[in-house]
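Welcome, and please load the model into your viewer. We will take the tour one selection at a time.

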Amino acid sequence: MIQIVGTKKSRETAQAIRFCKERSIAFQFVDLRARSLSSGEWESIFAAIEAEELIDTTSRYYTKEGYSYRLYDPRQEVMAHPELLRLPILRFRGKAAVGFDAETILAWRKSDA
């Protein structure tokens, strides 16, 4: 089962959810506004993706908090401030991807069959 991590307000998250629904792909949606990820979930994401790749440098929060001008640990900041994330984060059996990518979802679905 594919896990889609994001928020209901994120357009790309909505696209990923709609894509899975239209193709009857089993998925679990994790709304970051409703609950945070566990440390195990974070570790599996960090094992597949570098923390720097998870940060949305064009986000309003990134600019407002001045992240472009300060030194910080990307892992700690992403875990503490999910507003920094590029969404959605797609997870499947130890693999992860950032952003909506239809080809990745379809490839994961084929490997699940």
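Before we start, one cut-off is worth keeping in mind: buried means under 20% relative accessible area, exposed means over 50%, and partly exposed covers what lies in between. Keep in mind, too, that this is a predicted model.

**Stop 1: the whole chain**

Show the protein chain as a cartoon and colour it by secondary structure. You should find six helices and four strands. Followed along the sequence, they come in the pattern β-α-β-α-α-α-α-β-β-α. The radius of gyration is 14 Å, close to the 13 Å that the globule rule gives for 113 residues, so the chain is as compact as a globular protein of that length. Along the principal axes, the C-alpha atoms fill a box of roughly 45 × 25 × 25 Å.

Now switch on the surface. The accessible surface of the protein chain is about 7,000 Å², and carbon and sulfur atoms account for 47% of that area. Of the 113 residues, 42% are buried. Contacts tell you about the chain's path as well: among those between residues at least 6 apart in sequence, 60% join residues at least 24 apart.

Colour by charge before moving on. The protein chain carries 18 positive and 16 negative side chains, and the centres of these two sets are 8 Å apart.

**Stop 2: the backbone at P88**

Select L87 and P88 and show the backbone as sticks. What is the peptide bond from L87 to P88, cis or trans? The bond is cis, with omega near -5°. To place P88 in the cartoon, look in the loop between helix 5 (74-80) and strand 3 (89-92).

**Stop 3: two residues with positive phi**

Go next to S24, in the loop between helix 1 (11-22) and strand 2 (27-31). Phi of S24 is near 55°, a positive value in a residue other than glycine. With a relative accessible area of 62%, S24 is exposed.

Then jump to R93, in the loop between strand 3 and strand 4 (95-98). Here phi is positive again, about 45°, although R93 is not a glycine. R93 is exposed, and its relative accessible area is 60%.

**Stop 4: D31, a buried charge**

Select D31, which you will find in strand 2. Which side chain of opposite charge is nearest to D31? That side chain is K8, 4.5 Å away, and D31 is buried yet has no salt bridge. A salt bridge here needs a side-chain nitrogen of Lys or Arg within 4 Å of a carboxyl oxygen of Asp or Glu. Show the surroundings of D31 as sticks and you will see that it touches G6, T7 and K8, leaving aside residues up to four places away in sequence.

**Stop 5: the salt bridges**

Side chains of opposite charge can pair when their charged atoms come close. In this model the count comes to four salt bridges. Begin with E22 and R23, whose closest N and O atoms are 3.3 Å apart. E22 is exposed, at a relative accessible area of 56%, while R23 counts as partly exposed at 33%.

Now centre the view on E41, which counts as buried at 12% relative accessibility. One of its partners is R35, with the closest N and O atoms 3.2 Å apart. R35 counts as partly exposed, at 36% relative accessibility.

Add R91 to the selection. R91 also forms a salt bridge with E41, and the closest N and O atoms of this pair are 3.8 Å apart. R91 lies in strand 3 and E41 in helix 2 (residues 39-48), so the pair ties together parts that are 50 residues apart in sequence. Both R91 and E41 are buried. Keep R35 displayed too: salt bridges that share partners join R35, E41 and R91 into one network.

**Stop 6: the surroundings of R91**

Stay on R91, which is buried with a relative accessible area of 18%. Which residues does R91 touch, not counting residues up to four places away in sequence? Select M1, I2, Q3, E41, S44, I45, A96 and W108 to see them. For a last distance, draw a line from the C-alpha of R91 to the C-alpha of E53: the two are 15 Å apart in space and 38 residues apart in sequence.

Technical notes: Residues numbered from 1 in each chain as written. Predicted model: local features only at pLDDT ≥ 70, side-chain atom pairs only at ≥ 80, totals over all residues. Heavy atoms only, no water. Rg over C-alpha atoms; globule rule 2.2 N^0.38 Å. Buried < 20%, exposed > 50% of the residue type's maximum accessible area, 1.4 Å probe, protein only. Contact = heavy atoms within 4.5 Å. Areas by Shrake-Rupley, 256 points an atom, 1.4 Å probe, with all protein chains shown as cover. Lys, Arg positive; Asp, Glu negative; His and termini not counted. Charge placed at Lys NZ, Arg CZ, Asp CG, Glu CD.
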